[in-house]
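Q: Please take a close look at one pocket of this model. What lines it, and what else should I have in view alongside it?

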Amino acid sequence: MGKTKHTGPIKLSKKPDPNLWVSKVPFGLGKIKPHHIRDTMKVAWENKDNLPYATRILTQGVCDGCALGVSGLKDQTLTGPHICTTRLNVLRLNTMSAINEDIIHADIDDLRKMSSTELRKLGRIPYPLIRKPGDRNFQRISWDDALDKIADKMKTLNPKQYAFYSTSRGITNESYYTLGKVARYLGTNNVDNASRICHSPSKTALTRSVGVGASTCNYKDWIGTDVLVFWGSVAANNQPVSTKYMYAAKKKGTKIIIINPYREPAMDEYWIPSVAESALFGTKIADDVYQVNIGGDIAFMHGIMKHWFEMEEAEHGSAIDHAFVNKHVHGLEDLREKSTSYEWEQLVESSGISKEEMIELAELLANSKSAVFVWSMGLTQHRFGTDNISQVANLALLRGFLGREHCGLMPIRGHSGVQGSGEMGADPFVLPGGGMDDENRERVSSLWGFPVPDWQGDIVGVSLENALLPEDHERKLNLYYMSGGNFLETMPDPEFVEKTLSNVDIRVHQDIILNTSTFVDAREAVIVLPAMTRYEQPGGGTSTSTERMVYFSPEIKGPRIEEARAEWEIYMDLAKRVKPEGQHLIHFKDLYEVRDEIAKAAPNYDGIQHLKEKGDFFQWGGAWLCEDGVCPTPDGKGNLVTAELPELRKPEGHFYVTTRRGKQFNSMIYSEKDPFNDADRYDVLMNKDDGQLHDIAEGDAIVVFNQHGSFNGRAKFVPVKAGNIELHWPEGNTLIPKGVYEEFAGIPEYNTAVIIEKAETYFAHKDTRYVEKRVEELEMDTN
């Protein structure tokens, strides 16, 4: 942890710099780019029925979009107002009125015809609902009857046979904490959350490398660092406010490096609406782009380190900060042996990056006095995600880019509730204040007054698979309680997911809106419970940003969904019905009591109990974790972790596929067109040379397929690394294999090998052995 405190926002230079301009043509006229003014007007129109309330949410509440931590219209990085289209798009979820009764009780088949985008626009869930097998529509049910039915079922089950899940949809730390506590009170460790589907390898890797699973630095450290590296992160699309920080960094002379298979237009050039100069002329963001193969990052990083060790042979101290390493780091010789054992040819083939390019970046970093590494799901969502992140940590440790200004490791968070969810204990591997080790489990059990189960809980993917276990199996999932989320659109293999969801006895959907998974059958009942938003929650709530700022978001005066309840209260009420004899152990009078207990259960959060008013916040851990190189590990030292080159398993002539986000927030899609590249949701983003090689022209109907599924789309040529293609998520999930998890963190794999055929060829041979034979060849080569 660190002793230095964050110094607050700094002023953005207003001096124009034409060298950063994309074009002298105002507002990027004629270019493919977002239309921020038009989009803002559209959002205002959508919220016209509740515009005063919408305005209060924007000016008083903490953003429920990404985890940059904008409170009202301000943050702790730069002075001046901050707002983005992502936050504006999410805004309507908070201001909608209730769904019309005629619609919510319509025939189930009519509702099933609607997409999640269409369902989202219907409005808020007005009251508890239930649908049993054979019912043609949802029936209204009272809160008491709904919770009693869930509780009665739980009483009949082994605690290993039910599970809880919580998404990151605007949920507050207090709700996560109560859920984690209630789950353990009810005897189960089967509690998971959305952050683990995104960033669990980040937490796991950082914990083993530097002793703490969170960003070690701040957004302010971007501004003035020598090098800012975005590795597998399209922050301009997923965290748009961050472009203002990138602009400020560029003005300070920071070099911005992008590492991604696709040269993402949003990370190349951006028109930042809250900066007049950028809004008019755009901003060149990327100084260099390294187009790595999907899954080739470990090889790329080994190449950088291999060259560093070669530099060291020529001149001691030319690449590695030996003073830092000798004092603060373990494992140098093992890492040297591993990185130098690979031949350059291996590293080039695996990474897709030339030797010259690897040396170029290696020397840039070696000659830099500071650097910040930022990454996201391009690194985490692999079966080797933890090793990916540990290699990033290796780069920082070898150069001493840790624990000081303008240096650090930052897993940038895409949702406002993600950082806090694991830290609050809504996780099968985590309790407040630490892991599930004996010491922390005993500490938390003593505080709570009941024993925390000592068996390993299941991750979300395994919980779903457990729905198909034999009836007499002790882990057969018979009740799944989900707070938000739509596994049909977030997990691999949607057909399999639907099968698992329909094989659960009782499925509970606690949410603010309907989605497609709500209409999947259950064996006994589907129960829908209406939740409050963070802005409706009495007593307010807190969320933790990427940079560990814990912000208080107050309750905001406005219209209410009459029967919606605060999520933490629902969990508490349910637990009391299942085990009334110990209800005093999980009773909280209000959210102030919850925050008081969080401060005791999670020592890093000591200070949360004092957050009560709009604008209140604190940062746990200080400005920089591992300050002065001292890590919160048993001996205070960081660990260099070796990693093998992953087997990419892409046969010759085939492609590796990954998924990307368009104009969307998580799986909530706001436009069928991507404003940065004009791609629609069913375009297959591929390299022009690959198209020519396979006799595919731009716009051709093509089929992407493998042993797991198929995807019908059209070829769109973009600057993506040859041999790699990208599809939009979640549409591309039909190709992703189920049951493939990262070894250390349990994150699902979202990348795989595929075949591409022109549609006319594919369908002409569909009834012959041609397609089946090609898939068999793919299976043989990738097994």
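A: Take the second largest pocket. Its lining residues divide into 7 nonpolar, 7 polar and 6 charged. Bear in mind that this is a predicted model. The volume of this pocket is about 570 Å³. Its lining comes to 20 residues. Nearest its centre are Leu488, Glu489, Thr516, Tyr682 and Pro730.

Some of the wall comes from helices. The elements that supply two or more lining residues are α6 (116-120), α25 (487-490) and α26 (494-502). By number, Leu488 and Glu489 belong to α25.

Now set the largest pocket beside it. Its volume is about 730 Å³. Its lining has 31 residues. These split into 13 nonpolar, 13 polar and 5 charged. Lys203, Thr207, Gly213, Val430 and Gly434 lie nearest its centre. Five elements each give this lining at least two residues: α9 (195-198), α10 (200-210), α22 (418-423), β13 (430-431) and β14 (434-435). By number, Lys203 and Thr207 fall in α10, Val430 in β13 and Gly434 in β14.

An annotation helps to place these parts. In an unreviewed entry, UniProt puts "domain: Molybdopterin oxidoreductase" at residues 124-577. In the model that span is 41% helix and 16% strand. The C-alpha atoms at its two ends are 27 Å apart. By number, α25 and α26 sit inside the annotated span, while α6 comes before it. Tyr682 and Pro730 come after it.

One sheet also reaches past the end of that annotation. It is open, has 3 strands and is ordered β18-β19-β20. The pairing is antiparallel. β18 (541-544) and β20 (617-619) are the edge strands, each with a single partner, so one side of each has no neighbour in the sheet. From one strand to the next, the twist averages 20°. By number, β18 falls within the annotated span and β20 after it.

Strand β19 covers residues 549-553. It pairs with β20 in the antiparallel sense over 3 bridges. Within that pairing, Val550 stands opposite Phe618 of β20.

A helix completes this part. α8 (residues 173-185) lies across β18 and β19. Against β18, α8 runs at about 90°.

Back to the pocket you asked for. Its surroundings draw on α6, α25 and α26, and its lining includes 6 charged residues.

Notes. Residues are numbered from 1 along each chain as its sequence is written. This is a predicted model: local features need pLDDT of at least 70, side-chain atom pairs count only at pLDDT 80 or more; totals for chains, interfaces and linings use all residues. Side-chain values use heavy atoms; hydrogens and water are left out. Two strands pair if DSSP finds at least two bridges between them. Helices (H or I, at least four residues) and strands (E, at least two) are DSSP runs, numbered from the N terminus. Axes are lines fitted to C-alpha atoms, for helices over the stretch in contact, and angles run from 0 to 180 degrees between N-to-C directions. Contact means heavy atoms within 4.5 Å. UniProt positions are given in the numbering used here, feature names are shortened, and annotations may be inferred rather than shown by experiment. On a 1 Å grid over the protein atoms alone, a cavity is a set of points where a 1.4 Å probe fits but cannot get out, and a pocket is an open set with protein on both sides within 12 Å along at least five of seven lines; lining residues have an atom within 4 Å of a point. Grid points are joined across faces, edges and corners, and a volume is the space filled by probe spheres set on the points. Ala, Val, Leu, Ile, Met, Phe, Trp, Tyr, Cys and Pro count as nonpolar, Asp, Glu, Lys and Arg as charged, and the others, Gly among them, as polar.
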